[in-house]
Amino acid sequence: ADLMSSMAAGATGAGVADADAHKRGGRSGGADDDGDIDALRAFIDGLPKAELHVHVEGTLEPELMLTIARRNGVALPYASVDEARAAYRFTQLQDFLDAYYMAASVLRVERDFYDMTWAYVQRAHADAVRHIELFFDPQTHTERGVPFDVVVR
């Protein structure tokens, strides 16, 4: 059995055969299958985590991006949170970069950077993240005329 099967068996009381059936896409037929998955998810959710090489600008969620854009009078090509979220579903590097720089373009003043960072830290805490290797891209903002000290303050 692989590690996930072993964890599933240990976390939920399911047998290895049941965990292997899930791995193969089959069902063990037990009434507790959904409960097993929920228990495994709860177990994983509770584990301490580390996030490595996280660019804080890349953590900007569509809801906050749109809020900051409205606050700063920045026009975006998205009419709704759903449209903005759809732009975050990318299949190519260029699509990712386009979404990343579009989101970063709304960041103009110190409060924007604070709000973005605070929102990320709150999400990380809720996800049991205990170590963050956080990066930021000052050149993304200084190229747009945002002073360096606004980005880092």
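Begin by selecting leucine 97, which is found in helix α6, and keep in mind throughout the tour that the structure on your screen is a predicted model. Because its relative accessibility is 24%, leucine 97 counts as partly exposed, a class that lies between the buried limit of under 20% and the exposed limit of over 50%. If you now add glycine 58 to the selection and draw a line from C-alpha to C-alpha, the two residues turn out to be 9.6 Å apart in space, although 39 residues separate leucine 97 from glycine 58 in sequence.

Next, select phenylalanine 96, whose place is also in helix α6, the stretch that covers residues 93-104. Phenylalanine 96 has a relative accessibility of 32% and therefore counts as partly exposed. Extend the selection to Phe90 and Leu93, and you will have a nonpolar patch on the surface, formed by Phe90, Leu93 and Phe96, with about 290 Å² of accessible area together.

From the patch, move to glutamate 57, which you will find in the loop between β1 (49-55) and α4 (62-72). What is the nearest side chain of opposite charge to glutamate 57? Select arginine 144 to see it, at a distance of 7.7 Å; glutamate 57 is buried and yet has no salt bridge, since a salt bridge would need a side-chain nitrogen of Lys or Arg within 4 Å of a carboxyl oxygen of Asp or Glu.

Stay with glutamate 57 and show its polar partners one after the other. With tyrosine 100, the polar contact runs from side chain to side chain, at 3.3 Å. With aspartate 137, the atom to look for is the backbone nitrogen, which lies 2.9 Å from a polar atom of the glutamate 57 side chain. To complete the surroundings, leave aside the neighbours within four places in sequence and display the residues in contact with glutamate 57, among them Leu107, Met116, Phe135, Phe136 and His141.

Finally, zoom out and colour the whole chain by secondary structure, so that its nine helices and two strands come into view. Followed along the sequence, these elements give the pattern α-α-α-β-α-α-α-α-β-α-α. Of the 153 residues of the chain, 31% count as buried, while the accessible surface of the chain comes to about 9,400 Å², with 57% of that area belonging to carbon and sulfur atoms. If you display contacts between residues at least 6 apart in sequence, 67% of them join residues that are at least 24 apart.

Key:
Residues are numbered from 1 along each chain as its sequence is written. This is a predicted model: local features need pLDDT of at least 70, side-chain atom pairs count only at pLDDT 80 or more; totals for chains, interfaces and linings use all residues. Side-chain values use heavy atoms; hydrogens and water are left out. Helices (H or I, at least four residues) and strands (E, at least two) are DSSP runs, numbered from the N terminus. Buried means under 20% relative accessible area, exposed over 50%, partly exposed in between (1.4 Å probe, protein chains only). Lys and Arg count as positive and Asp and Glu as negative; His and the chain ends are not counted. A polar contact is a pair of N or O atoms within 3.5 Å; within protein, one must be able to donate a hydrogen and the other to accept it, and residues adjacent in sequence count only if both atoms are side-chain atoms. Contact means heavy atoms within 4.5 Å. Patches are made of residues with over 30% relative accessible area and no salt bridge: like charges are joined within 9 Å, nonpolar side chains (Val, Leu, Ile, Met, Phe, Trp, Tyr) within 5 Å. Accessible areas come from the Shrake-Rupley method with a 1.4 Å probe; for residues, only the protein chains shown count as cover.
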